[in-house]
Amino acid sequence: MTQLTIDIVSDVSCPWCIIGYKALQEALETVSPDVTATIEWQPFELNPQMPPEGQEITEHLTQKYRISEEQAEQNREVIKQRGLSVGYEFGNRGGGRIYNTFDAHRLLHWAKTVSAAKQTELKLALFDLYFKNSGNPSDHQQLLDLVEQVGLDRALASEVLSSNQYESDVRQIQQRYQQAGVQSVPAVIVNNKHLISGGQPADVFAQALTEIAKQA
């Protein structure tokens, strides 16, 4: 049995990140028990300059990627179908807003100090908050409700959010991955040296993991 370490650089408002994770999960089930992995989530902000009030999502997408509203809708349908193919049903993303996610990343960093498993639970809850429930991952009350939902300490999380705790840690990690060349997410990094970019299908992940395990 080969044990791998997997770092997933991602943002909680990135649809391809949850698609990629679900495909990675499927791949890990395929290669188990010969190959197993521990997973940690690393921070990446798609929109670090986003103001607190956020921005209407279609307006944001058309401005950022210089595409039409029709193209944005086509892309949304592609994402919806890819999500369904890996067992993830996106909510109605025809409306809604995009938000700043820095505080969510600080909480995820704190959750990792408890355990990698709890960090993953919180990350998945954040994906659901945003993509299924059109929630706001910058809203402290919504974040604290998620913390409680996954069995983490709400009071400790509140202390993190009401201070600048882990701010420098998250900034340093973001900078480190950017300097290493990560410009888009998801970026799945295996054993600190093998990069698998994007929300790949499960068979692509499975093949890559099998090859990496042979070298480990």
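**Group meeting: a four-stranded sheet and one cavity**

I'll start with a pair of strands: β5, residues 187-190, runs antiparallel to β6, and four bridges join the two. Please keep in mind that this is a predicted model.

Within that pair, Ala-187 sits opposite Ser-197 of β6. The two strands form a hairpin with three residues between them, and Asn-191 there has a positive phi, near 55°.

Stay with β6 for a moment, residues 194-197. Which of its side chains are buried? The side chains alternate along the strand: His-194 and Ile-196 point to one face and are buried. Leu-195 and Ser-197 point to the other face and are not buried.

Now the sheet as a whole. Strands in a sheet pair through backbone hydrogen bonds, in a parallel or an antiparallel way. Here we have an open sheet of four strands, in the order β2-β1-β5-β6, and the pairing is mixed. β2 and β6 are the edge strands, each pairing on one side only. On average, neighbouring strands in this sheet are turned by 25° against each other, ignoring direction.

At the β2 end, β1, residues 2-10, pairs with β2 in the parallel sense, and that pairing has nine bridges. One residue pair to look for is Ser-10 with its bridge partner in β2, Pro-43.

Two helices to point out next. Helix α5, residues 116-131, packs on the sheet and touches β1 and β2. The direction of α5 makes about 60° with that of β2. Helix α9, residues 202-215, also packs on the sheet, where it touches β1, β2, β5 and β6. The direction of α9 makes about 130° with that of β1.

Last topic: empty space inside the model. Rolling a probe the size of a water molecule over the atoms shows where such space is left. How many cavities of 30 Å³ or more does the count give? The count comes to one. The largest cavity has a volume of about 50 Å³.

What lines the largest cavity? The lining residues are Trp-41, Gln-42, Pro-43, His-105, Leu-108, His-109, Lys-112 and Gln-119. Two elements, β2 (35-43) and α4 (102-114), give two or more residues to this lining. α4 gives the most, with four residues. Sorted by class, the lining has three nonpolar, four polar and one charged residues.

Pro-43 has come up twice: as the bridge partner of Ser-10, and as part of the lining of the largest cavity. That is where I'll stop.

How values were computed:
Residues numbered from 1 in each chain as written. Predicted model: local features only at pLDDT ≥ 70, side-chain atom pairs only at ≥ 80, totals over all residues. Heavy atoms only, no water. Buried < 20%, exposed > 50% of the residue type's maximum accessible area, 1.4 Å probe, protein only. Pairing = 2+ DSSP bridges. 1 Å grid on protein atoms, 1.4 Å probe; cavity = no way out; pocket = protein on both sides within 12 Å on 5 of 7 lines; lining within 4 Å. Points joined across faces, edges and corners; volume = space filled by probe spheres on them. Nonpolar A, V, L, I, M, F, W, Y, C, P; charged D, E, K, R; others polar. Axes fitted to C-alpha atoms, helices over the stretch in contact; angles between N-to-C directions. Contact = heavy atoms within 4.5 Å.
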